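Me: Could you take a close look at one part of this model for me? I would like to follow a single strand and its partners, and then see how that part sits in the chain.

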Amino acid sequence: MTSRQQGRRAVVTGLGVVAPNGVGADAFWKATRQGVSVLDRISREGCTGLPLRIAGQVNGFEPQSAIDNRFLVQTDRFTHYAMAAADLAVADAGFQPDPDQPYSVGVVTAAGSGGGEFGQRELQQLWGQGPRFVGPYQSIAWFYAASTGQISIRGGYKGPCGVVASDEAGGLDALAHAARTIERGTDAVVVGAAEAPLAPYSMVCQLGYPELSLAAQAERAYLPFTAQACGFSPAEGGAMLLLEDEQAARLRGARVRARLAGHGATFTGASRWAESREGMAAAIRIALDEARIAPEEIDVVFADALGVPAADRAEALALADALGPYAERVPVTAPKSGTGRAYCGAPMLDVTAAVLAMEDGVLPPTPNVTEVCHDLALVTDRARPAELNTALVVSRGLMGSNSALVVRRARP
């Protein structure tokens, strides 16, 4: 890793959300704070006859009102979500890129699979009518890097750009990559992840995951850290953030919402949940060391909360390994149990919720969960007031990546 330029530090100045429980940070936070569960029967065309029945769908989102048609025809739903969330983040930050400095703003996204809906449609055209009926954008719209490219082109951002492919943990890894890009000299980075896994082809691919919940009742489909845990419900959507160099942000009078203090990442292998205990604990320790904080300084943990008994047990033990006796007292929450796991978008939504929780002084609950069967101080029932200065967000991917991020409340 290139050393940090003297005095440069990445802070969050803008939040943009397109999630199953709300579009925009305010709507998302209101529902998250209230513990609203929006898991429901999948209603997308072509998806209703599959074994996967419950998920978190983004409803009420009209891409035509947010994105120019020339970009819409080139892109899949997952990029529509990402572009809209990027616009919201930039607007929230009150950020106006300098047209004379196009190389000062970069873009980093993470994606788990790319544009399955667009790709399926074009392949059906190919086999049903022939190659002349396949559009020219098939070559790019399905690609997992499409969101980075389209946000960069649309915004005129010519600084360092990239895409992180480390499964669900990629959401946190993308933030770390963006923060280090700022530390090396870039002024601002639009960063985040959004997914759209609710299309027939994409859903059939997901059926290969043994961790997927096939429950038929929404209130029982995703119950992490409980004896009834039967897997996770997927979701679409995600969040984009605007990161800036703290000094530059304050000079322009921006509202500094939080700072990224430390990050750690490890790898333990696909579905090896017992081994993920060691890997997750190591990632947390690395993040704490980089942030230069003690376990007792963590005010809340936003859990990975896979909803698989072996994985939940490994996470609880990993927190105990990394945080020591304090692990039994620190509040833990998993708002995603009410929205579903949006793959790479899931930890981005957790980071967004962490920033808003610290600003609001509220611990959001874990929807649908009541009786916990692990030694965790899980926030269930309802939101609780609390003074929050430091949050730990953890994430694991189904293919074996582990990631941890320390987010700290901004100082005046």
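Reply: Happy to help; what follows is a walk through strand E15 and its surroundings, in a model that is predicted.

Let's begin with the strand itself. E15 covers residues 390–396, and seven of its seven residues are buried, so the strand is largely enclosed by the rest of the structure. In a regular strand, side chains alternate between the two faces of the sheet. For E15, one set consists of Thr 390, Leu 392, Val 394 and Arg 396, while Ala 391, Val 393 and Ser 395 point the other way, and all of these are buried. Arg 396 is thus worth finding on your screen: a buried arginine, on the side that also holds Leu 392 and Val 394.

Now for the partners. Strand E10, residues 300–302, runs parallel to E15, and three bridges join the two. To find the register, look for Val 300, which stands opposite Ala 391 of E15. E16 is another partner, paired with E15 in the antiparallel sense over seven bridges. Here a serine faces a serine, since Ser 395 stands opposite Ser 403 in E16.

E15 and E16 form a hairpin with four residues between the strands, and there Gly 400 takes a positive phi near 120 degrees.

From E16 you can carry on outward. This strand, residues 401–409, also runs antiparallel to E9, with nine bridges between them. A handy marker is Leu 260, opposite Val 407 in E16. E9 itself spans residues 258–267 and is mostly covered, with eight of its ten residues buried. E9 pairs in turn with strand E1, residues 10–19, in the antiparallel sense over two bridges. In that pairing, Val 12 stands opposite Ala 258 of E9. Following the bridges therefore takes you from E10 to E15, on to E16, then to E9 and to E1.

For a comparison elsewhere in the chain, try strand E7, residues 188–195, where eight of eight residues are buried. Both faces of E7 are covered: Ala 188, Val 190, Gly 192 and Ala 194 lie on one side, with Val 189, Val 191, Ala 193 and Glu 195 on the other. E7 has a parallel partner in E5, residues 105–110, over six bridges, with Val 108 matched to Val 191. Its antiparallel partner is E8, residues 237–245, joined to E7 by eight bridges. The buried Glu 195 of E7 stands opposite Gly 237 in E8.

One helix residue is also worth a visit. Phe 28 belongs to helix H1, residues 25–34, and is buried, with a relative accessible area of 4%. Leaving aside neighbours within four places in sequence, its contacts include Val 17 and Ala 19, as well as Leu 349, Ala 353 and Leu 356. Phe 28 and Leu 356 are 328 residues apart along the chain, yet their C-alpha atoms are separated by 9.9 Å.

Finally, step back to the whole chain, which has 14 helices and 16 strands. Its radius of gyration is 20 Å, close to the 22 Å that the globule rule gives for 412 residues, so the chain is as compact as a globular protein of that length. Buried residues make up 61% of the 412. Of the contacts with a separation of 6 or more, 79% come from residues 24 or more positions apart.

Technical notes: Residues are numbered from 1 along each chain as its sequence is written. This is a predicted model: local features need pLDDT of at least 70, side-chain atom pairs count only at pLDDT 80 or more; totals for chains, interfaces and linings use all residues. Side-chain values use heavy atoms; hydrogens and water are left out. Buried means under 20% relative accessible area, exposed over 50%, partly exposed in between (1.4 Å probe, protein chains only). Two strands pair if DSSP finds at least two bridges between them. The radius of gyration is taken over C-alpha atoms; the globule rule is 2.2 Å times the number of residues to the power 0.38. Contact means heavy atoms within 4.5 Å.
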